[in-house]
Amino acid sequence: MYDVNLIRKDFPVLEKVIYLDNGATTQTPKPAVDAMLDFYYNYTANYGRGAHHLSIAATNAYEDARDSVASFLNAPSEKMILTKNTTDSINMVANGFGFESGDHIITSVVEHHSNIVPWLRQKEKGVSVSVVDIDSEGMIDPKNIEAEITEQTKLVAVSHISNVFGSVQDIKTIIQIAHKSNVPVLIDGAQSAGHTPVDLKELDCDYFAAAGHKGLLGPQGTGVLYLKNPETIKPTSLGGGTTSDADRTCFVTKEPPESFEAGTPNLPGVIGLGASVEYLKKIGVANVEKHEVALAKEAAKRLSEIDGVSIYGPKERAGLVAFNVKDLEPHTVAMRLDKYDNICVRSGFHCAMPSQKFLGIKGSSRASFALYNTPDEVDALIEGVKRIAKES
Ligand SMILES: Cc1ncc(COP(=O)(O)O)c(C=O)c1O
């Protein structure tokens, strides 16, 4: 039985506020905070750098966390790189892939800046980038990707779930289409990992980037990058932790995943992430998805019934809904919800300007749900937006 009240006890801040900005970052459950405190109070030490027992304990805890995340996404641990965030993960692929002049990359207009800017930047090297259109609900038609593939195409990079529309892309078909032409695919899973079941073995994408601090409920400063074939990417940062031998003229780099994690890693953050993923496993991501999608569906339906409110995205949406109230600035709506209703929502362009320019809107407010939100909180949102619409 899904007991949201029991879940909420693990997130004390929820007693004080209605938090509907989970697309940006989620709250972290107590067991994960406790795991981080345990690291700080009892075994702070560096990773793999010492023969002493504290370093061994810290290293083991870090690797246990990697195992937790890898098994949660059904991938081998040695292919799961621990990063700072989704953006870091995508940039590791963009900068480590070795794109050359004449190469071609395909992405889409629905992407978050993190999954479009690193590709556009490759133009500096003479790489061409096709940015395929979406429909008015934020969906990519896989045929549009297929139509862009040429002999020069080296990568397709698309998001699983849009952070603006809540649209869930048909990534299985996109991956199959690209693979038919031997083109690898990167999936931006920032809004999907922890919100919907992700099985990387079954999905068969080549790269999967996600945040630790969103659906996976981990602390900020954590992210993941799955590399199906790690040898296709060169590490973009080398030094301590990545080197197995060196002299004054040359060096030997370790095997993945260590080769991709230069310098002292975010040990407390990763240990917290491991604990939050174990927490999520107990609740079950399919249960979480059902809960979040039901809340978003209800919120979208009721928002769309308010005079002067526009909503975006498909009917079958993931757990978020973006909206505008008459011609009010999205920040004005968010500030009023904050001030008068104690509700936190995101507002602005959501770091996804191309999609909003494509649709001709100047940003939106967004309510994004997590496993701990309740129908009462949807009621509060609706009442707040109704009042704002009436006043304007
Ligand atoms: C679809 C999508 N991609 C990438 C990002 C960037 O994530 P991060 O903050 O972990 O770098 C976000 C953040 O909201 C996102 O929604």
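**Notebook: ligand site, pockets and Glu63**

I began with Thr86, where a polar side-chain atom lies 2.8 Å from an oxygen atom of the ligand. I keep in mind that this is a predicted model.

Next I looked up Gln191. An N or O atom in its side chain is 2.7 Å from an oxygen atom of the ligand. I then turned to Lys214. Here an N or O atom of the side chain is 2.6 Å from a ligand oxygen. I also asked how much of the ligand the protein buries. Taken alone, the ligand exposes 400 Å², and the protein buries 91% of that.

**Shell around the ligand**

I wanted to know how many residues surround the ligand. I found 13, and the closest are Thr86, Thr87, Asp188, Gln191 and Lys214. I sorted the shell by class: 9 residues are polar, 2 are nonpolar and 2 are charged. Thr86, Gln191 and Lys214 are the residues whose ligand distances I noted above.

**The pocket that holds the ligand**

Which pocket does the ligand sit in? I find the ligand in the second largest pocket. I note about 250 Å³ of space in this pocket. Its lining has 21 residues. Nearest the centre I list His112, Asn163, Ala190, Gln191 and Lys214. Gln191 and Lys214 also appear among the residues closest to the ligand. By class, I get 11 polar, 5 nonpolar and 5 charged residues for the lining.

**The largest pocket**

I moved on to the largest pocket, with about 300 Å³ of space. I see 20 residues lining it. Closest to its centre are Leu82, Asp88, Phe260, Glu261 and Ala262. I then asked which elements give two or more residues to this lining. They are strand β2 (80-83) and helix α4 (86-96). For the lining by class, I wrote down 9 polar, 8 nonpolar and 3 charged residues.

**Glu63**

Last, I looked up Glu63. I place Glu63 in helix α3, residues 53-72. Which side chain does the side chain of Glu63 contact? I find a polar contact with the side chain of Arg66, at 2.8 Å. I also checked Glu63 against Gly274. The two are 211 residues apart in sequence. In space, I get 9.2 Å from C-alpha to C-alpha.

**Recap**

I keep three ligand distances on file: 2.8 Å for Thr86, 2.7 Å for Gln191 and 2.6 Å for Lys214. I also keep the site itself, the second largest pocket.

Key:
Residues numbered from 1 in each chain as written. Predicted model: local features only at pLDDT ≥ 70, side-chain atom pairs only at ≥ 80, totals over all residues. Heavy atoms only, no water. Near = heavy atom within 4 Å. Polar contact = N/O pair within 3.5 Å; in protein donor to acceptor, adjacent residues only side chain to side chain. Areas by Shrake-Rupley, 256 points an atom, 1.4 Å probe, with all protein chains shown as cover. 1 Å grid on protein atoms, 1.4 Å probe; cavity = no way out; pocket = protein on both sides within 12 Å on 5 of 7 lines; lining within 4 Å. Sits in = over half its atoms within 2 Å of the grid points. Nonpolar A, V, L, I, M, F, W, Y, C, P; charged D, E, K, R; others polar. Points joined across faces, edges and corners; volume = space filled by probe spheres on them. Helix = DSSP H or I, 4+ residues; strand = E, 2+ residues; numbered from the N terminus.
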